[in-house]
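This briefing is for a reader who is new to the structure shown below. It takes a few topics in turn, starting with one strand and its surroundings.

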Amino acid sequence: MEEEDSRIDLSSLTVIDADADETTTEHDSADEYDTSTDEDKYDISSYASPPIHFAEDLASPPESILLDIRGYIDVRTNATTANACLSTGRRAIRVTFWAARPPRVSCFTIHCDGVKPNQFRSFPMVLAAADDLVLLRVAINPSQNPISTRFIIDYYIYQAAGATPTLRLLTVPCHLSYAGILRLHGGDDGEFLVASIEAVEGANGKQFHHLFDSRTWTWTSRLMRVDKPDMCALAGFRPTKVLTIGGERGSMAWVDLWHGMLFCDLLAVHDDDAMLHYIPLPSSPSTKREGSPSDVRDIAVVHGRIKFFDMRFNVKQHTITSTTTLVTRYWKATTWEMTDPWHNWRKDCGLDIFKVPVDKTHPELPPWLHDMGKLHGDQPALSLHEEDVVYIMAKAKGSDRRAWMLAVDVRKKTLREVAAFDAGRAYNFTYLQSRISNYLRNQSSPM
């Protein structure tokens, strides 16, 4: 059997149940396993409390939310709170969600008995979300010594549906950065799959595919080929986002927002001829591929279609006199979409953001936002439930901590809603879209 078709049985991995007393190995070098940015590793005890939520957020939940991927350390709980144990088995951990109606940003909080905020190696992170499930990563220094380099990285599956929310410890075969969750519908016990890929150096574009199956609570891994690979694109392929597409094949896609998508049919991944499928993103020659692509691009599954949003900063020069030139700068955006069988992109609509009118219906906006052409806009996020709506974070300057979240209707070219945003801490890419709000219980204690 060829190497790329070989399967590695990881069923011998120790599986630690949330109520078990088993222990896990503590790592001596955090950087070897932890890919958090320097920003993630700041002393999180120095940051403010979670954002304030409003009375309307405690009523009927929105169909989808923008969820801050970095958690807060807070002791408060509500009806969404679920409990488990750390992998050491000696302390309890509690996770609580606080849903807000977009364009406000939702958040989650973590509390560990006997663990001080400065013992967290980095911010607790949401790695993936699908339906009622969320995959979380928590890194803790178990020692009271603040300069200790020993730490524990635990992964958890939070499930909102059921009689009560649950939190289960998940043993992993490798460090998970970009993973996805697929809910297996029709099962009796809410089964699901977790999938992750990692590039293999010198393997001609092949990817290691790791798959967790909750029906057996085990992982399997295999080396997979890419059909008709674009070797130039794959050489620099860096996942930015993971899409759970679902369908009969249980499809999932890892997306490099500068280049393209790697599709995998999870329900057929063990077939001998299973391969990853590469689909390039729509070309946008005017976009400079500098910095994080999440600052100017987003992709999401909306009403059964894959939608892609791209915005770019344009400059126009108008000659006034022989010695005077008027320079106009503005944001321009384009949306694309693709339907099953996921082969061809279709251009949907475009938008010159400076043409979006800002009128007196939004008196809470600061004066500098009345001219949409001058804003610093980034981190677009397509709405999962409002057709043609994209959320954009707007700031007076790129370095500002405080911002405004704008809900822009790309097709109608209107500003639908606005909301102030202040995470109370430094941040870069901040949120992901999630439908977990459909499953969360009413929040019983406002923050």
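Strand E28 is covered on both of its faces. On one side Tyr431 and Gln433 are buried, and on the other side Leu432 and Ser434 are buried as well. The model is a predicted one, and the protein chain in it has two helices and 28 strands.

**Strand E28 and serine 434**

- Strand E28 spans residues 431-434, and serine 434 belongs to this strand.
- Serine 434 has a relative accessible area of 2%, so this residue counts as buried, the cut-off being under 20%.
- A polar atom of the serine 434 side chain lies 3.0 Å from the backbone nitrogen of isoleucine 436.
- With neighbours within four places in sequence left aside, serine 434 is in contact with Ser64, Ile65, Ala129 and Leu384.
- Strand E28 is joined to strand E2 (residues 65-68) by four bridges, and the two strands run antiparallel.
- Aspartate 68 has tyrosine 431, in E28, as its bridge partner.

**An open sheet of five strands**

- Five strands form an open sheet with mixed pairing, in the order E15-E19-E18-E17-E16.
- Which strands are at the edges? They are strand E15 (226-227) and strand E16 (241-246), each of which pairs on one side only.
- Within this order, E19 and E18 stand next to each other.
- Strand E18 covers residues 260-265 and strand E19 covers residues 276-280; their pairing is antiparallel, over four bridges.
- Phenylalanine 263 has histidine 277, in E19, as its bridge partner.

**Salt bridges: a buried pair**

- Side chains of opposite charge can pair when their charged atoms come close.
- How many salt bridges does the structure hold? There are 20 salt bridges in the structure.
- One of the pairs is arginine 297 with aspartate 310, where the closest N and O atoms are 2.9 Å apart.
- This pair links distant parts of the chain, since arginine 297 is in strand E20 (residues 297-302) and aspartate 310 is in strand E21 (residues 305-321), 13 residues apart.
- Is arginine 297 buried or exposed? Its relative accessibility is 1%, so arginine 297 counts as buried.
- Aspartate 310 is also buried, with a relative accessible area of 2%.

**Salt bridges: aspartate 348 and its network**

- The side chain of aspartate 348 meets that of arginine 346 in a salt bridge, at 3.8 Å from N to O.
- The side chain of aspartate 348 also meets that of arginine 411 in a salt bridge, at 2.8 Å from N to O.
- Arginine 411 lies in the loop between strand E26 (403-409) and strand E27 (414-421), while aspartate 348 lies in strand E23 (residues 346-352), so the salt bridge ties together parts 63 residues apart in sequence.
- Aspartate 348 is buried, with a relative accessible area of 17%.
- Arginine 346 counts as partly exposed at 44% relative accessibility, and arginine 411 is partly exposed at 39%.
- These residues belong to a network of salt bridges that links Arg305, Lys307, Glu337, Arg346, Asp348, Glu387, Asp388 and Arg411.

**Nonpolar cores**

- In soluble globular proteins, nonpolar side chains tend to be buried together.
- The largest nonpolar core here has 50 residues.
- Which of its residues touch the most other members? They are Ile93, Leu135, Tyr158, Leu167, Leu170, Ile181 and Val194.
- Strand E8 (residues 133-140) gives the largest share of this core, with seven residues.
- Another core lies apart from the largest one and has 25 residues, among them Ala300, Ile353, Val408 and Leu415.

**Cysteines**

- How many disulfides does a search of the whole structure find? The search finds zero.
- Cysteine 107 counts as buried at 1% relative accessibility.
- Cysteine 349 is buried too, with a relative accessible area of 11%.

**The chain as a whole**

- The protein chain has 447 residues, of which 55% count as buried.
- Of the contacts in the protein chain between residues at least 6 apart in sequence, 58% join residues at least 24 apart.

Definitions and conventions: Residues numbered from 1 in each chain as written. Predicted model: local features only at pLDDT ≥ 70, side-chain atom pairs only at ≥ 80, totals over all residues. Heavy atoms only, no water. Pairing = 2+ DSSP bridges. Buried < 20%, exposed > 50% of the residue type's maximum accessible area, 1.4 Å probe, protein only. Polar contact = N/O pair within 3.5 Å; in protein donor to acceptor, adjacent residues only side chain to side chain. Contact = heavy atoms within 4.5 Å. Salt bridge = Lys/Arg side-chain N within 4 Å of Asp/Glu carboxyl O. Core = buried A, V, L, I, M, F, W, Y, C linked by side-chain atoms within 4.5 Å. Disulfide = S-S within 2.5 Å.
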